[in-house]
Structures are given as C-alpha cells and as structure tokens.
Amino acid sequence: MPHLQEELSPVTLQPGPQASLGEHPEETQKITPSAPIAKGFVDDGSQLLLLSLLLPTPADLEVKEHFIPYQQIRGEGAEGPRALWKGNAVACLRLFPCSAVQLAAYRKFVVLFTDDLGHISQWSSIMAGSLAGMVSTIVTYPTDLIKTRLIVQNMLEPSYRGLLHAFSTIYQQEGFLALYRGVSLTVLGALPFSAGSLLVYMNLEKIWNGPRNRFSLLQNFANVCLAAVVTQTLSFPFDTVKRKMQAQSPYLPHHGGVDVHFSGAMDCFQKIVKTQGVLGLWNGVVKCGIQN
C-alpha cells in the first residue's frame with residue numbers, strides 16, 4: 001500500500017493534541033485538514049478506506065475457478081491464455097470512478113460524524129470508511145456485474161463484445177434491475193468487514209505489546225495484512241454468493257456457467273451449503289489471500 005501513502009484529500013483524520021479527552025487519548029481524533037490521510041495504522045477509518053480501495057475484489061479468483069474450466073485454457077476448444085485476463089479492462093476502468101466516489105463519500109461521512117469540537121470516535125471513523133465503500137460499490141455496481149459476465153463468458157462464442165455492449169444487452173434482455181443483481185450482498189458484507197476491522201484495531205496493542213503510536217513501518221504493514229486476512233475471511237461468503245448471482249442469467253449459455261442454480265440470495269446460500277458443504281462458501285479464499 002505504499003503508493004497511497006501520499007496526501008489524498010484535504011479532509012482527513014489525524015490524532016492531535018486536542019484529540020484526547022480524560023485518560024483515554026485514543027478514544028477520539030481531531031480533524032486536521034492539512035494532515036496526510038495515511039500514517040501507519042493509527043487512523044482506523046482512513047486505513048479501512050484505503051484497505052477497501054486497494055484490496056482486489058475478494059471473489060475474483062473464485063469466479064475464475066468456478067467458471068473457466070481448464071479445457072478453455074488448454075486443450076480442445078481452448079480460449080487461450082488471454083482468457084485469464086477476461087474482464088481485466090473493465091476492472092481497471094472502474095477503479096477511477098469507484099475510488100473518486102469512495103473518497104468523496106468518506107469526506108462527507110467524516111464531516112457528518114464529527115462533533116462540534118472536531119472530534120470523531122473510533123467506531124464513527126470505521127463506520128465512515130465502511131459507508132463510503134458501500135456508497136461507491138452501489139454507484140459503480142453495474143460495472144462490477146459486467147466484469148463478472150465478461151469473465152464467465154466463452155471468448156470463442158462471446159455473448160458480450162465489451163463494456164458498452166454488455167450494458168446495453170443486459171438492460172434490453174433482463175431489465176435495469178438485472179444490473180444490480182446481488183447488490184444486497186454488498187450491503188450485508190459490509191457488516192462483517194467493519195466488525196473485522198474494528199476487531200483488529202482494538203487488539204493491536206495486545207498483539208504487539210506496545211502503544212500504537214510506537215509501531216514501526218514493518219508492524220504497520222503487518223497490521224494492514226492482518227486486517228486484510230480477517231476482513232476478507234469474514235466477508236468472503238457474501239462475495240461468493242454475490243458472484244454467482246451476478247453470473248447466472250437465462251440468456252447466457254448454461255445459465256452463465258454457475259455450478260448452482262438458485263432463485264435468490266438465501267436459496268443460493270442454502271444450495272451451496274447443501275451441495276458443497278459450509279466450506280464451499282469460502283471456496284477460493286486461500287488463493288485470494290495469496291493474491292493480496
């Protein structure tokens with residue numbers, strides 16, 4: 001995450017001399033507009049925002065594992081090595097609006113949660129980062145669904161020729177709401193994501209047996225990695241179900257190539273557990289952890 005250690009916005013969170021109330025200086029933080037947005041793991045809200053911006057989509061590898069058979073990469077009917085990069089262009093393009101919306105929303109939520117003295121609590125800071133990520137995901141969700149559709153299609157017989165063609169085709173065939181299929185899982189997945197971030201943040205001093213303001217660069221890097229593992233593990237089942245909902249379509253060959261057919265989110269959860277066991281909800285989490 002070093003490339004985002006620069007100043008990203010004029011309104012950020014930074015501990016200051018006014019940030020302490022009583023005997024608990026870590027309980028609140030002072031808004032200082034000129035401060036950098038990320039300095040280690042001190043600012044939990046900013047770190048949560050940066051973590052959600054930098055982490056790859058948790059289920060991207062899981063999508064490829066389920067929907068790109070080995071025969072499509074090598075052998076009869078092979079799509080070739082380019083199949084491993086299907087949807088990559090859309091994934092790169094959506095980073096810009098997604099990041100812009102997320103940072104703008106984060107600034108608004110920080111101002112909303114800040115009291116009259118310019119202080120913001122740890123929990124409010126984390127909530128600001130979570131809500132900002134949720135807003136950006138909802139706004140740019142159609143591009144995420146299109147990325148999944150481009151990944152699951154066969155390049156030899158493509159249903160979609162690109163981002164705009166996919167958007168137009170899905171809208172005409174399945175309606176506008178189809179572009180937001182599975183978006184509710186994003187909202188639900190934000191809850192364990194926030195809980196995991198708070199869990200890691202509250203136990204940092206116990207893990208390192210020292211105060212947060214004395215963490216080294218290596219310790220801060222380890223903190224971010226630990227937060228990534230915890231939050232990804234807790235939210236991964238929601239991403240698994242979301243990807244399957246995004247991919248399934250009656251207008252695609254083999255209904256999008258999903259291995260479980262379902263009528264909704266709860267039905268998908270139940271059928272995955274029934275056919276693959278509970279661990280099926282975490283299918284691909286190890287590879288995503290390695291990727292991170």
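Which residues form a nonpolar patch on the surface? They are Phe167, Tyr171, Phe176 and Leu177, and together they have about 460 Å² of accessible area. Keep in mind as you look around that this is a predicted model. One member of the patch, phenylalanine 176, sits in the loop between helix H8 (163–174) and helix H9 (183–202). Its relative accessibility is 46%, so phenylalanine 176 counts as partly exposed.

Now step back to the whole protein. You'll find 13 helices and three strands here. Of the 292 residues, 48% are buried. The accessible surface comes to about 14,800 Å², and carbon and sulfur atoms account for 64% of that. The fold also brings together stretches that are separated along the chain: take the contacts between residues at least 6 apart in sequence, and 69% of them join residues at least 24 apart.

Let's pick out one helix, H5, which covers residues 95–113. Its 19 residues, at 1.5 Å a residue, should span 27 Å, and the C-alpha atoms at its ends are 26 Å apart, so the model agrees with the expectation. Which residues of H5 are buried? The list is Cys98, Gln102, Leu103, Ala105, Tyr106, Phe109 and Val110. Valine 110 is a good one to zoom in on: its relative accessibility is 1%, so it counts as buried. Measure along the chain and valine 110 is 14 residues from serine 124, while in space their C-alpha atoms are 8.0 Å apart.

Next come the charged side chains. The count of salt bridges comes to eight. One of them pairs arginine 243 with aspartate 144, at 3.0 Å from N to O. This pair ties distant parts of the chain together, with arginine 243 in helix H11 (residues 217–247) and aspartate 144 in helix H7 (residues 141–152), 99 residues apart. Are the two partners buried or exposed? Both arginine 243 and aspartate 144 are buried.

Another salt bridge joins glutamate 174 and arginine 181, at 3.1 Å from N to O. Here the partners fall into separate classes: glutamate 174 has 17% relative accessibility and so counts as buried, whereas arginine 181, with a relative accessible area of 25%, is partly exposed.

A third example is found within a single helix. Lysine 271 and aspartate 267 meet in a salt bridge of 3.4 Å, N to O. Both lie in helix H12, four residues apart, which is about one turn of the helix. Lysine 271 is partly exposed, with a relative accessible area of 32%, and aspartate 267 is buried, at 19%. Elsewhere, salt bridges with shared partners link Asp144, Lys147, Asp239, Lys242 and Arg243 into one network. Arginine 243 and aspartate 144, the buried pair from before, both belong to that network.

Stay with helix H12, which runs over residues 265–276, and you'll meet methionine 266. With a relative accessibility of 57%, methionine 266 counts as exposed. Methionine 266 and valine 241 are 25 residues apart in sequence, and their C-alpha atoms are 9.0 Å apart in space.

What about the cysteines? A disulfide is a covalent bond between the sulfur atoms of two cysteines. How many disulfides does a search of the whole structure find? The number is zero. Two of the cysteines show how their surroundings can vary: cysteine 92 is partly exposed, with a relative accessible area of 38%, while cysteine 268 is buried, at 0%.

Finally, have a look at two spots in the backbone. Asparagine 209 has a phi near 55°, a positive value in a residue other than glycine. You'll find asparagine 209 in the loop between helix H10 (204–208) and H11, and it is exposed, with a relative accessible area of 72%. Histidine 254 isn't a glycine either, yet its phi is positive, at about 60°. Histidine 254 lies in the loop between H11 and H12, and at 68% relative accessibility it counts as exposed.

Terms used: Residues numbered from 1 in each chain as written. Predicted model: local features only at pLDDT ≥ 70, side-chain atom pairs only at ≥ 80, totals over all residues. Heavy atoms only, no water. Patch = residues over 30% accessible without salt bridge, like charges linked within 9 Å, V, L, I, M, F, W, Y side chains within 5 Å. Areas by Shrake-Rupley, 256 points an atom, 1.4 Å probe, with all protein chains shown as cover. Salt bridge = Lys/Arg side-chain N within 4 Å of Asp/Glu carboxyl O. Buried < 20%, exposed > 50% of the residue type's maximum accessible area, 1.4 Å probe, protein only. Contact = heavy atoms within 4.5 Å. Expected span 1.5 Å × (residues − 1). Disulfide = S-S within 2.5 Å.
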